[in-house]
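User: I would like to go through the strands and helices of this structure one step at a time, with the reasoning spelled out before each answer.

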Amino acid sequence: MGQLIPLTPAELDELSDQFAWALSTRETPVIVPGEAILGIEAIAAGVAARGRTILNIVTGPYGEQFGDWLSRGGSHVVELRTPYDDVVAVAAVAEAIERHHPCAVAFVQAEAVTGGSNPTQALLDLARQNNLITIVDAVSAIGAEPVLMDEWAMDFVAVGAQKALSGSNGISAVGISARGWEFLSRNASAPRHSALSLLDLKRASGEAEPVPANIPVLEARAVIKAFHQIQTEGIASVNHRHQLAAASTLAGIKSLGLKAWQRQESACSPLVTTVRLRQGEPIIRQSRGILAPGDGELYGKLLRVNHFGSQASLKSVEKAIGTLAGLLNAAQPEVAIHAVRKVWLASNDS
Ligand SMILES: *Cc1c(COP(=O)(O)O)cnc(C)c1O
């Protein structure tokens, strides 16, 4: 067995630069020594406090969990919930801000479980007009759609490499603005000397600083490698590939007489396409390739087509639509495959 070579400060700097690049930020992201959900819980723990009213938008299960963590930290949580087949309306958020005067707003940019993407830029504009701290779970968005931390003025944004970036899930990052750091350090009940402490995870700068002992070495190297591939392809191309996968999947399901689970087609996420099931339509119990049953309460109501990462490809989408056609006993599966191909190839030429 080979000897494990410790991570060098240069490698950690590279990883940090890569996450900053993906977030289009000049800030130095916090490297979180675990999967993305740890960074999300750390944000909740760091911002929550008695006396702080936080507007939490719930469009899927991750948002619901986030609200529980905010409450645990003593915050007054105002929940704005949509049915899981819809995304949030900006007007509803404006109304909630006017009524409850929160100091911060939290939401999930793209929902992997429901296949919806929230109107992120508009929500962030609204938050900025009201001088609110913004907290965004962009784990499923990063790579599939733009996440422009500085331009859009995100204060806290959690990301991981394991969805659209085809990376590993063992290390992740939280981008934090100067305002965000101030909001954390002003919070006397933010955890310190804890795995949930962003203030402690913040890496001291300076060349002489050693690599913190909590960084998982192999995961760090795997994510650095995944980023090399993404940087070679270009983030805009990676986004485009996900858009094509979603558009061609939608064409395929429509050709099979099905429709999207999301009520508004414009809200369909480029990461995952969710397919609405009516009674009597096939329910798979286990994943078949990138075709998967609904999670939890969505089981039996929808199917997911997980066309993300390396699966955001024409081949993978064709295969998924072929599988679906088979499950439906479609008379002419090739018609649906043709519909997929037509959308993918037409957009690629333009
Ligand atoms: C996948 C996902 C997460 C959790 O990421 P893990 O690294 O698997 O913990 C959080 N939020 C959203 C929206 C996700 O899709």
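User: With which strand does strand 2 pair over three bridges, and which residue there is the bridge partner of Leu55?
Analyst: A caution applies to everything that follows, since this is a predicted model. Strand 2 pairs in the parallel sense with residues 104-108, which form strand 4, and three bridges join the two. Within strand 4, the bridge partner of Leu55 is Val105.

User: Are the residues of strand 2 buried or exposed?
Analyst: Strand 2 covers residues 53-58, and its side chains point two ways, with Thr53, Leu55 and Ile57 on one side and Ile54, Asn56 and Val58 on the other. Both groups fall under 20% relative accessible area, the cut-off for a buried residue. The count for strand 2 is therefore six of six residues, under that cut-off, and the word asked for is buried.

User: What is the handedness of the crossover from strand 2 to strand 3?
Analyst: Strand 2 and strand 3, the latter made of residues 76-81, pair in the parallel sense over six bridges, and Thr53 has His76 as its bridge partner in strand 3. Between the two strands the chain passes through helix 3, residues 61-72, in a β-α-β crossover that is right-handed.

User: How many nonpolar, polar and charged residues make up the contact of helix 2 with helix 3?
Analyst: The axes of helix 2 (residues 36-47) and helix 3 come within 8 Å and cross at roughly 35 degrees, in a right-handed crossing. From helix 2, Ile37, Ile40, Glu41, Ile43, Ala44 and Val47 meet Tyr62, Phe66, Trp69, Leu70 and Arg72 of helix 3. The residues of this contact divide into nine nonpolar, no polar and two charged.

User: Which strands stand at the edges of the open sheet with the order 8-9-11-10, and why is one side of each left without a neighbour?
Analyst: The sheet is open, has four strands and shows antiparallel pairing. Each edge strand has a single partner strand, so one of its sides has no neighbour in the sheet. The strands at the edges are strand 8 (259-260) and strand 10 (291-293).

User: Which residue of strand 11 stands opposite Thr273?
Analyst: Strand 9 (residues 273-276) and strand 11 (residues 302-305) run antiparallel and are joined by four bridges. In strand 11, the residue opposite Thr273 is Val305.

User: At what angle does helix 10 run to strand 10?
Analyst: Helix 9 (residues 235-255) lies across strand 8, strand 9 and strand 11, and runs at about 15 degrees to strand 9. Helix 10 (residues 314-327) lies across strand 10 and strand 11, and its angle to strand 10 is about 55 degrees.

Key:
Residues are numbered from 1 along each chain as its sequence is written. This is a predicted model: local features need pLDDT of at least 70, side-chain atom pairs count only at pLDDT 80 or more; totals for chains, interfaces and linings use all residues. Side-chain values use heavy atoms; hydrogens and water are left out. Buried means under 20% relative accessible area, exposed over 50%, partly exposed in between (1.4 Å probe, protein chains only). Two strands pair if DSSP finds at least two bridges between them. A crossover is right-handed if, with the strands pointing away from the viewer, the path from the first strand over the helix to the second runs clockwise. Axes are lines fitted to C-alpha atoms, for helices over the stretch in contact, and angles run from 0 to 180 degrees between N-to-C directions. A crossing is left-handed if the near helix is turned anticlockwise from the far one by less than a right angle, and right-handed if clockwise. Contact means heavy atoms within 4.5 Å. Ala, Val, Leu, Ile, Met, Phe, Trp, Tyr, Cys and Pro count as nonpolar, Asp, Glu, Lys and Arg as charged, and the others, Gly among them, as polar.
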